[in-house]
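Me: I have a model open and would like to learn how to read a few of its features. Please take them one at a time, general idea before the case.

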Amino acid sequence: MLKKITLLLAMVFVMTNSALADPDKLATLRKGALNKEVKAPPIPRVYNDDKRQVRSYPEQPPTIPHQIRNYQIDLNTNRCMFCHSRKAIEESQAPAISITHYMDREGQFLATVSPRRYFCTQCHISQNKVKDLVPNSFVDIDAILQQKSKK
Amino acid sequence: MSKLFSLLLRIYRALRRPSVHFSLGFLTIGGFIAGVMFWGAFNTALELTNTETFCISCHEMEDNVFAELKTTIHYSNRSGVRATCPDCHVPHEWTNKIARKMAATKELYGKVFGTINTKEKFEAKRLDLAKHEWARFKANNSLECRNCHEFDNMDFTRQSPRAAKFHSTSLASGKKTCIDCHKGIAHKLPNMKGIKGL
């Protein structure tokens, strides 16, 4: 019983302490005190050079190397398919959506884009010209394998 | 029938007879001034119907197409140039403008009878309405686009590689016109099933 009470007290102590901590020192992406309005950062520019980027791992959905401002993707139409559909690529020379996009969840191949793959921007995104908000320690699998073989 | 004929004949004779009370100077100069005033009034009225304020005085326009335009680059952008309704939907050249204005009288009929006075009715008719505009742009080689976006003045080196590629090939050869690729840039697209390319 005593143990439980001490544990509870310890928890309360930790919680109140962290809440009372200096708001400026909180690790957030706000870059400012919680109780103050922070100036909104400028809207970043988008990479628009049409250069395909390396994929960090094989399953990574490729990023979009161009502007997609106001692209309409809804029940009525899908702007991306204007260039990336099976039939459009001859003219557009854009990469076609892969065969996995035709698969339903049972692994059946459909005649056209599967509904669960219809909303392109759920996985594919264009890239902003900004600095990383937080440091990233991601290491490519090739680098890890190389390190291991050296050992 | 003969009554109408005799009336026309009387008017014709009155017009042919020289004036009895008015001097030649009054008739020519007065006629000229009246003509200028009439023409000025006509043009002022015409230009009044060619403003954004006039277009969105109907809720059909304000709540649907105008609301959609607001988020696009033609309405809000860094340089402050704005294309409003008539810039794209009314030809700038006089003859075509009058022809379009006459065709637009059908819209008055639509307004009176409430053809698209609800969101649902508008959405149901959206494809038809869009098709009219696409056909118009296709027929006049996207003239209203080119009033600002002059092909000869385009600097391909300032365009993205993709844009430069298509503009210097398909557009340059005249195989395609602006609207072929740039559908739905100012308003939301209707259900595009079966429309070429989408």
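Reply: Start with burial. A residue counts as exposed if 12 or fewer other C-beta atoms lie within 10 Å of its own, as buried if there are 20 or more, and as partly exposed in between. Keep in mind that this is a predicted model.

Me: Is A:Gln93 buried or exposed?

Reply: A:Gln93 has 11 C-beta neighbours inside 10 Å, so it counts as exposed. Its place is the loop between α3 (89-92) and α4 (141-150) of chain A.

Me: What should I look for in the backbone there?

Reply: Look at phi. Most residues other than glycine have a negative phi. A:Gln93 is not a glycine, yet its phi is positive, about 60°.

Me: Which residue of chain B that is not a glycine has a positive phi of about 55°?

Reply: That is B:Asn141. B:Asn141 sits in the loop between α8 and α9 (143-146) of chain B. With 13 other C-beta atoms within 10 Å, B:Asn141 is partly exposed. A glycine with positive phi can be found too: B:Gly114, which follows α7(B), has a phi near 65°.

Me: How many of the nine residues of helix α7 of chain B are buried?

Reply: Zero. Helix α7 covers residues 105-113, and because none of its nine residues is buried, the helix lies largely in the open.

Me: Where does B:Ile116 lie, and is B:Ile116 buried or exposed?

Reply: B:Ile116 is in the loop between α7 and α8 (119-139) of chain B. The count for B:Ile116 is 21 other C-beta atoms within 10 Å, so this residue is buried.

Me: Which residues does B:Ile116 touch, leaving out those up to four places away in sequence?

Reply: B:Glu60, B:Gly110, B:Lys121, B:Phe122 and B:Lys125. For separation along the chain, take B:Arg162: B:Ile116 and B:Arg162 are 46 residues apart in sequence, and their C-alpha atoms are separated by 38 Å.

Me: How do I read the contact between the two chains?

Reply: Count the residues on each side, then sort them by type. Here 13 residues of chain B are in contact with 11 residues of chain A. On the chain B side, five are nonpolar, six polar and two charged.

Me: Which domains does the assignment give for chain B, and how far apart are their C-alpha centres?

Reply: Domain 1 spans 23-55 and domain 2 spans 59-198. The C-alpha centres of these two domains of chain B lie 31 Å apart.

Conventions:
Residues numbered from 1 in each chain as written. Chains lettered and ligands numbered in written order. Predicted model: local features only at pLDDT ≥ 70, side-chain atom pairs only at ≥ 80, totals over all residues. Domains from an automatic or database assignment. Contact = placed C-beta atoms within 7 Å. Nonpolar A, V, L, I, M, F, W, Y, C, P; charged D, E, K, R; others polar. Helix = DSSP H or I, 4+ residues; strand = E, 2+ residues; numbered from the N terminus.
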